[in-house]
Amino acid sequence: MARHAPWIEELLGFLLMRLDEAGFERLVAHEPRTMPAPYIETAGGRAEQRALRFTGCTSCSRIPPHSLHSAEEWPCRAVRAMALPFADDTGYCEAWRPEYTRSASGDFLRT
Ligand SMILES: [Zn+2]
């Protein structure tokens, strides 16, 4: 996997030490990737398309046009669910819990 920001590497490292081979293959399917999230900027009476770069999941972050709020930011719910069985381990971060899944716009996603 490519190198990522420290907070991403931390969760990847945590999982890689604990997942079995099947789990590792599932994790690869949910690899973090920097991607553009298009949105419409309407400030000042204009309406122009812009793109915000965010870290998404190669499987989960489907971005329908104009709906930035629904694109899952990495870690996606699937990756968070993989980490959850190890929640009592040293090094587990409470912010990895599935209920804290965010969208590309920074909002929490309702499950
Ligand atoms: Zn995913």
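The following exchange is about the elements, contacts and cores of this chain.

Student: How should the residue numbers and the model be read?
Tutor: Residues are numbered from 1 along each chain as its sequence is written. The model is predicted, and local features need pLDDT of at least 70, side-chain atom pairs count only at pLDDT 80 or more, and totals for chains, interfaces and linings use all residues.

Student: What makes a stretch a helix or a strand, and how many of each are in the chain?
Tutor: Both are DSSP runs numbered from the N terminus: a helix is H or I with at least four residues, a strand is E with at least two. By that rule the chain has three helices and two strands, in the order α-α-β-β-α from the N terminus.

Student: What share of the chain counts as buried?
Tutor: Buried means that 20 or more other C-beta atoms, placed from the backbone, lie within 10 Å of the residue's own. Of the 111 residues, 23% count as buried.

Student: Why is the set with Leu11 and Trp96 called a nonpolar core?
Tutor: Such a core is a set of buried Ala, Val, Leu, Ile, Met, Phe, Trp, Tyr and Cys residues joined through C-beta atoms within 7 Å. Leu11, Leu15, Cys57, Trp74, Cys76, Val79, Met82, Ala83 and Trp96 form the largest one, so they meet that rule. Helix 3 (77–83) gives the most, with three residues.

Student: Which residues does Cys76 touch?
Tutor: Contact means C-beta atoms, placed from the backbone, within 7 Å. Leaving out residues up to four places away in sequence, Cys76 touches His30, Cys57, Cys60 and Thr101.

How values were computed. Buried ≥ 20, exposed ≤ 12 C-beta atoms within 10 Å, placed from the backbone. Contact = placed C-beta atoms within 7 Å.
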